[in-house]
Amino acid sequence: MKKFNIRKVLDGLTASSSSSAPAAPGSRDSELVQESLQSEHFQLCKTVRHGFPHQPSSMTFDPVQKILAVGTLGGALRLFGRSGVECYCQHESGAAVIQLQFLINEGALVSALADDSIHLWNLRQKQPAILHSLKFSKERITYCHLPFQSKWLYIGTERGNIHIVNVESFTLSGYVIMWNKAIELSTKSHPGPVVHISDNPMDEGKLLIGFECGIVVLWDLKCKKADYRYSYDEAIHSVAWHHEGKQFVCSHSDGTLTTWNVRVTAKPIQTITPHGKQPKDGKKPEPCKPILKVEYKTTRAGDAFMVLSGGLSYDTVGRRACLTVMHGKSTAVLEMDYPIVEFLTLCETPYSNDVQEPYAVVVLLEKDLVVIDLGQIGYPIFESPYPLSIHESPVTCCEYFADCPAELIAALYSVGSRQKRQGYSKKEWPISGGNWGQGTQSYPEIVITGHADGSLKFWDASALMFQMLYKLKTAKVFERPRSKEDKPSTELVEEDPFAIQTLSWCPESRILCVAGVSAHVLVYRFSKQEVTTEEVQMLEVRMQSDLSDVESPEPAGDQTPTLPTPGAASSSPQEGEPPLQAATGSTPSDLPRGNVPCLQVRGSPLKQSPGYQVDLVVQLVGVSGEPPQQITSLAHNSSYGLVVLGNSGGLAVVDYLQRTVLLNMATSELYTPSDPYQRQPRSPRKTRHPSGALCDGNDGPTASEDRCKSPTSGSASPCNSDEEPKQQRFLALVKTKSRRFSKTVSSDFAKISRKINSSTEQKPDTEVSRRSWCRRSLPSRKHCMSLRRGPDVARLTLDVRRTHSEQDLNAKDSSFSRSRSSSVTSIERESREVISSFHFCETFPRKVTEGGPGPCLMVGTSQGAVLLLDLSLPPAADQRLSQPVGVSSCGTLVRLKGGVMTMALLDAAGALLPPAYEPWYDPNASDEDKEKERSRRRGPTSPAASQEGGAADGQYAVVCLEKQATVVAMPSQTAVFKHNITESSFVLRADVVQMAASNCIACFCANGHIMTLSLPSLRPLLDVNYLPLTDMRIARTFAFSNLGQALYLTSPAEVQRITYSQETCDNLQEMLCELFTPVETPEAPNRGFFKGLFGGGAQSLDREDLFGETAAGKASRSLAQHIPGPGGMEGMKGAASGVVGDLARARIALDERGQKLGELEERTAAMMASADSFSKHAHDMMLKYKDKKWYQL
């Protein structure tokens, strides 16, 4: 019987109700497109988490399985093994993990949380689950101890009591050690919480209990009484045993270490202050900071190791956290970059009664994990195989690329391997447990992260791995300010001036474009050869503001037009433009202080290592003392040799091959005069022009051309100021806006607040409506442009002067920070139009075209408009560097509600038409090799490429906005499909991705929904409420990729990967790593014949007789509540991987049992042979001395 799927029915109902009916001309064509994607192809689930655990709190290690576990303040568990073996678990309560204990070599873990609950985790399955939980209700947990090969867990509480839990059944024993019986009359006050529990290495029946006040008790479990009590004046933080069980060491709050003999309770046999100054007169050393933890490990060949954290002198103010290693007479102080959370000493044996032989120390820091090699001189650290350096500098942007060229990862690894630091330990990484998954998906995946210090990191994300390949530092292109006087004169960025804002990368051509927060763009090429650049090529661009806060002055006579009508002719500066007149005060010496770039390009020669090498720097320059606007969108095309960047002022098209600026226009100038969507410039007030600036003019309300007048050709009428009080307050508010990059998150929250509030607004204020009507009735605003060319061809400055300095006040705000009053927000929504996205393609630029499709640029704005720019490239490839490239505006393609998020182009069959690209070639190779590679240029092939004008629609333009998505047939420019994505929220990230040999739109909304829409019909295929937006870090770093993969930063240091592919979800169990592997437990230390004969060896204890219900009785039911976990035995059996897995585990268990039986038989035979040999030697000795007198011996 076929299984009924309710999801299909719901998807069909949603598609029929939410998708609008297609237009008549396009519906017949769309019926020919066969869509293969169905809802069965989609399922959302988390895969793996990479990076450093956020806010770590505890750590433990399994010395047999070689697995490390880290707990966090957020209730998360991260488990690490060999390179590529990582696992993430989460406690439902979210309480902080205060302590972790492995059941060594048993595939289980006990976690104690701050909410006084303990949990038993099963690690024998690929996705660990909780087997049992125990919630204490009357006492707070402070310390836990689980002896090796024991099933009884000791739990110390804040009241000073110790309870015992059976970890197999997770039930409390009736055996309780009460604090008053432990201390009796040794102190008059409460000893405080239990801070340490451990059993004597040589006698399991003796339990050492440390109380916070400074009292230590050696408790006899059998006799139920205290054997010895040790008292010290200072509080205790930790206790460590010597492996022989005759001595132990305590660390105290005054920075001292006390060594005690078990049988001597009066005073410690030794008291030292490792970091205290020893007075010459023999007095007590000055107190130091507390020693938080100490470990005492012995060796066979030499002196013992004593490792401790803390204990520094109080006069070392500002000194970083240190780990002290005391070995014999030598003391090494190792400084750490971050505060120490926990450390563990790794030893060769898991038995506490054997010589420990320490070989490494694992140090858990607040933001790093360090492993120190104790076996080499100088204590070098091991090179970590984990991706723990994601947060080395805060992540500001993230991009995800799946199914990359196969040779790309190897190329990045080859250049990145030369960047590795030297001086690491030569030994292998000691945390080497677990096994890799056996996944079948092996396509290359690359993740690029941009950081606040201007660096970019390339990560290999293939097959659920995450390894850093290459690191690029963009800051070395610029001069670093050495003093306050050298800092940028603008106030655009006060912190992190090199932070990465956005990036555009082409994996095929390996061209990388990076936009920084200081309004700069860097173009990089990939080369395998080292090169020294004598002078970094640079372009300066003055973006023209598209704000409409200023009313144009009255006309002052005829003026000379300086720019052609947008769209009427090519916008290339080399042709089609009349000469521009220089403006007064345009020389560099006369420019205002703000008319300089925010960053200064390096003037000295730049040595560039193999890898990405800078080819061109584009910097936006402020006007009239105001800083430039931050770049909001960036794109490039390697086949055309163009880079396009946009912000709140407009866009600029740069030819990075010829080092020229092709187009620099405000957004409003991109609309053609006949464009029905053209935005008329509006201005509610007048203002006075500053001296030396160009005046705006107009020819009346019907003027259609942009004009400007040189100050030397005539005088313009002065403008009087008539500011209204509210407008003055508005300007003052905008002026006081902070431009610090560290406050980007607050501005992003302002965007969400504005959009959520605006979605509930029904109608604007009456006064707002009146002002908006006044704005629409005002005449068109004019612009002036001044062009400067210096002797250096590589340095071109395009100077678009604004009419006055206050014109750009609103533009200083990014497009994401508009959260003010309803009236101001309404005005801004109408007056501001920010460039939000770009897409290079080959399509039909106009409705009626004589030829076929050609190179075009689609421009998306924050007001929902999609504009087309026609690109005129030289006909022959060899003329590319000599012939100019023309750019002309073709008007608006479509306009909908919300900002444009992404755009794409489909052919008539619904296949994605990727942008043209140039195959990679080494720019530093010989000219012959360059020509061979350049001759291989190719573009996307499409069935519509051969269609002529007037033919049927052969392409579909896909546009996804914040609220809607639409599909437009080309070249008729008819909307054939439209879908309302959301009404109450808005889209944060959208991409057109490839899935199962087809295409779809993937969207992530602010309300946490992840949705996919089919193409071209825009049928809803997936809608899951996955993650409500609680942190703008998620919005800034969320990235989709092809083949159903996505990721985002779930914390400042962790990357969470998810999949929305059903195929990946089905194969996820095979792809995940295995934490538990069958390993034989090391043999217990040999006690020796005489120790076994005369005693003195380790004494065992039958804890079952002491703690079992028969001897100890039942515990109080009100003390703790047992909660069965979802990963219990029944759940484990149901979640098992099948009969094959069960048989394999049974076979392994039988092999282990047989092996152990064989070893037992061998040991028995060896003991019998030893006994026979001893008997023979004893008999011979007796015969030798039988007849001799005592004086003859």
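Visitor: Why is Phe248 called buried?
Guide: Phe248 has a relative accessible area of 0%, and buried means under 20%, so the label applies to Phe248. Please keep in mind that this is a predicted model.

Visitor: What makes Trp241 and Phe248 an edge-to-face pair?
Guide: Their ring centres are 5.6 Å apart, and rings pair if the centres lie within 6.5 Å. The planes meet at 65°, and over 60 degrees counts as edge-to-face. Both Trp241 and Phe248 are buried.

Visitor: How many aromatic pairs does the whole structure hold?
Guide: A search finds 26 of them. One is formed by Tyr230 and Phe248, with 5.1 Å from centre to centre and 75° between the planes. Since over 60 degrees is the mark for edge-to-face, Tyr230 and Phe248 also earn that name.

Visitor: Where in the chain do Tyr230 and Phe248 sit?
Guide: Tyr230 belongs to strand S17 (residues 225-231) and Phe248 to strand S19 (residues 247-252). They are 18 residues apart, and their pair links distant parts of the chain.

Visitor: How do you know whether Tyr230 is buried or exposed?
Guide: Its relative accessible area is 1%. The limit for buried is under 20%, so Tyr230 is buried.

Visitor: Which residues do ring pairs link into a cluster?
Guide: The cluster joins Phe401, Phe458, Tyr470, Trp505, Phe526, Tyr612 and Trp920.

Visitor: What makes you say that the charged end of Arg510 sits over the ring of Trp920?
Guide: The charged end of Arg510 is 4.1 Å from the centre of that ring, and the distance limit is within 6 Å. There is an angle condition as well, within 35 degrees of the ring normal. Arg82 has a similar placement over the ring of Trp436, at 5.9 Å from its centre, again set against a limit of within 6 Å.

Visitor: Why is Val1024 called partly exposed?
Guide: Val1024 has a relative accessible area of 27%. Buried is under 20% and exposed is over 50%, so Val1024 falls in between. Val1024 lies in strand S59 (residues 1020-1025). Beyond its neighbours within four places in sequence, Val1024 is in contact with Leu44, Gly1008, His1009 and Ile1010.

Visitor: Why is Asp870 called buried?
Guide: The relative accessible area of Asp870 is 15%, and the limit is under 20%, so Asp870 counts as buried. Asp870 is part of strand S50 (residues 865-872). Leaving out residues up to four places away in sequence, Asp870 touches several residues, among them Pro845, Arg846, Gly886 and Cys890.

Visitor: How much of the protein chain is buried?
Guide: Buried residues make up 55% of its 1193 residues. The chain has 18 helices and 63 strands.

Visitor: Where is the confidence lowest, and where is it highest?
Guide: The mean is lowest in strand S46 (residues 786-789), at 33, and highest in strand S3 (residues 67-72), at 98. The average pLDDT for the chain is 78, with 72% of the residues scoring at least 70. Over residues 679-747 the pLDDT is below 50, yet this stretch has 175 contacts in the model beyond near neighbours in sequence.

Visitor: Why should some predicted coordinates not be read in detail?
Guide: The reason is low pLDDT, and where it is low the predicted coordinates should not be read in detail. Residues 937-951 also have a pLDDT below 50, with 35 contacts in the model beyond near neighbours in sequence.

Note on methods
Residues are numbered from 1 along each chain as its sequence is written. This is a predicted model: local features need pLDDT of at least 70, side-chain atom pairs count only at pLDDT 80 or more; totals for chains, interfaces and linings use all residues. Side-chain values use heavy atoms; hydrogens and water are left out. Helices (H or I, at least four residues) and strands (E, at least two) are DSSP runs, numbered from the N terminus. Buried means under 20% relative accessible area, exposed over 50%, partly exposed in between (1.4 Å probe, protein chains only). Contact means heavy atoms within 4.5 Å. pLDDT is the predictor's confidence in each residue, from 0 to 100. Rings of Phe, Tyr and Trp (its six-membered ring) pair if their centres lie within 6.5 Å; planes under 30 degrees apart count as stacked, over 60 as edge-to-face and the rest as tilted.
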